[in-house]
Amino acid sequence: MREDDLDDADTILRLSFGTFMGLDDPMSFFGDSDFVRSRYTTDPNSAFAIEIDGNLVGSNFVTDWGSVGFFGPLSIHPTYWNKGIAKHLIIPVLERLAKLEIQYAGLFTFAQSPKHVYLYQKYDFWPRFLTSIMTKTITEKNDEKRLELSQKHEKPHDVRFTEIRNDVKSLVLDDCKYLTNGIFPGLDLQKEILAVDSQKLGDTILLYDPSGNKLTGIAICHYGKGTEAGSNVCYIKFAAISTNNNSHSNFVRMLNSVESMALEKGIYKITAGSNMERHLAYKAMINYGFKSEFQGVSMHKGNKQGYNTPSTFIIDDWR
């Protein structure tokens with residue numbers, strides 16, 4: 001993909017998904033969020049486009065988190081549906097995943113669409129558990145309490161990446177890598193954290209133990225127009241809590257910190273993806289007040305389980 005493709009790629013993405021979902025105005029799909037420009041900017045070598053007669057007709061993106069990688073959103077202009085175009089956007093993606101030495105690869109697609117599931121199965125991606133895209137609306141009765149907590153800094157060991165001095169950010173990134181590697185070998189979110197920071201897409205919350213020395217959790221969040229969240233939404237793109245006896249309480253503490261940050265920004269809606277194979281995290285989100293907005297299915301290369309286990313406290317959705 002080239003930089004001058006971005007506007008057309010964004011248009012096709014909205015038109016494709018909006019048409020599939022049956023919207024009266026397909027172009028309204030995704031609102032003012034953006035999945036094209038931020039992903040291209042993060043890694044132009046992982047953004048792919050296809051042209052017919054000099055006109056862009058589709059695109060696809062690879063996201064790599066160290067040993068973990070996924071692709072999408074894959075979109076094709078509706079005029080070219082059912083013409084065998086998708087394979088031309090899947091094959092280069094598979095080559096990119098191989099070049100990046102991805103050990104655990106997958107994607108998110110429509111659970112209700114046999115056509116989509118069948119397409120990806122041809123490339124050895126297999127459906128596993130559902131992934132629920134969940135939302136929580138922050139109610140007015142909690143507004144003053146949450147905001148008061150954040151302003152008084154009653155959680156002194158919760159830090160935001162934007163608050164850290166530039167000269168120590170590399171050390172913090174090393175801590176983040178150590179944490180995620182302890183959950184799944186090679187899992188590394190440094191690129192995602194830096195993309196959010198450099199592109200001003202939101203912020204990353206860092207949770208430390210009571211001593212303030214050991215990192216126990218991270219939450220990478222987008223918020224605002226032109227991000228993957230969109231206006232008036234805080235989107236937890238990825239979050240992880242280290243595995244120990246305090247994982248559940250730290251997970252809830254992380255959700256509290258995200259909610260406090262959202263309130264500070266004047267945001268009253270939080271969105272996050274939860275794979276149902278991660279049962280304890282999914283159940284904790286329900287108990288916290290999250291409700292399912294829609295569901296998709298994660299498909300895994302070689303049917304690998306990856307880091308989806310009942311006791312893993314991770315939030316993501318691979319969209």
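This report describes a helix pair, two internal cavities and two backbone features in a predicted model.

## Packing of helices α8 and α9

Two packed helices are described by the angle between their axes and the distance between the axes. In this model, helix α8 spans residues 247–264 and helix α9 spans residues 279–288. Their axes come within 11 Å and cross at roughly 45°. The two helices are therefore oblique to each other, and the crossing of α8 past α9 is right-handed.

On the α8 side, the contact is made by His248, Phe251, Val252, Leu255, Asn256 and Glu259. These residues meet Ala281, Ala284, Met285 and Tyr288 of α9. By class, the contact of α8 with α9 comprises seven nonpolar residues, two polar residues and one charged residue.

## The largest cavity

Rolling a probe the size of a water molecule over the atoms shows where empty space is left. Across the whole structure, two cavities of 30 Å³ or more are found. The largest cavity has a volume of about 150 Å³.

Its lining consists of 16 residues, and those nearest the centre of the cavity are Arg39, Thr42, Thr63, Glu192 and Lys237. Three elements each give two or more residues to this lining: α2 (37–42), β2 (55–65) and α7 (190–198). Seven charged, five nonpolar and four polar residues make up the lining of the largest cavity.

## The second largest cavity

The second largest cavity holds about 60 Å³ of space. Its lining is formed by Thr131, Asn275, Arg278, Ser298, His300, Tyr307, Asn308, Asp316, Asp317 and Trp318. Five of these lining residues are polar, three are charged and two are nonpolar.

## Backbone features in loops

Most residues other than glycine have a negative phi, and most peptide bonds are trans. Two places in the model depart from these patterns.

Phe30, which is not a glycine, has a positive phi of about 80°. Phe30 lies in the loop between α1 (6–20) and α2, and α2 is also one of the elements that contribute to the lining of the largest cavity.

The peptide bond that runs from Gly72 to Pro73 is cis, and its omega is near -5°. Pro73 belongs to the loop between strands β3 (68–71) and β4 (75–76).

Notes. Residues numbered from 1 in each chain as written. Predicted model: local features only at pLDDT ≥ 70, side-chain atom pairs only at ≥ 80, totals over all residues. Heavy atoms only, no water. Axes fitted to C-alpha atoms, helices over the stretch in contact; angles between N-to-C directions. Helix = DSSP H or I, 4+ residues; strand = E, 2+ residues; numbered from the N terminus. Parallel < 35°, antiparallel > 145°, perpendicular 65-115°, else oblique. Left-handed = near helix turned anticlockwise from the far one by under 90°. Contact = heavy atoms within 4.5 Å. Nonpolar A, V, L, I, M, F, W, Y, C, P; charged D, E, K, R; others polar. 1 Å grid on protein atoms, 1.4 Å probe; cavity = no way out; pocket = protein on both sides within 12 Å on 5 of 7 lines; lining within 4 Å. Points joined across faces, edges and corners; volume = space filled by probe spheres on them.
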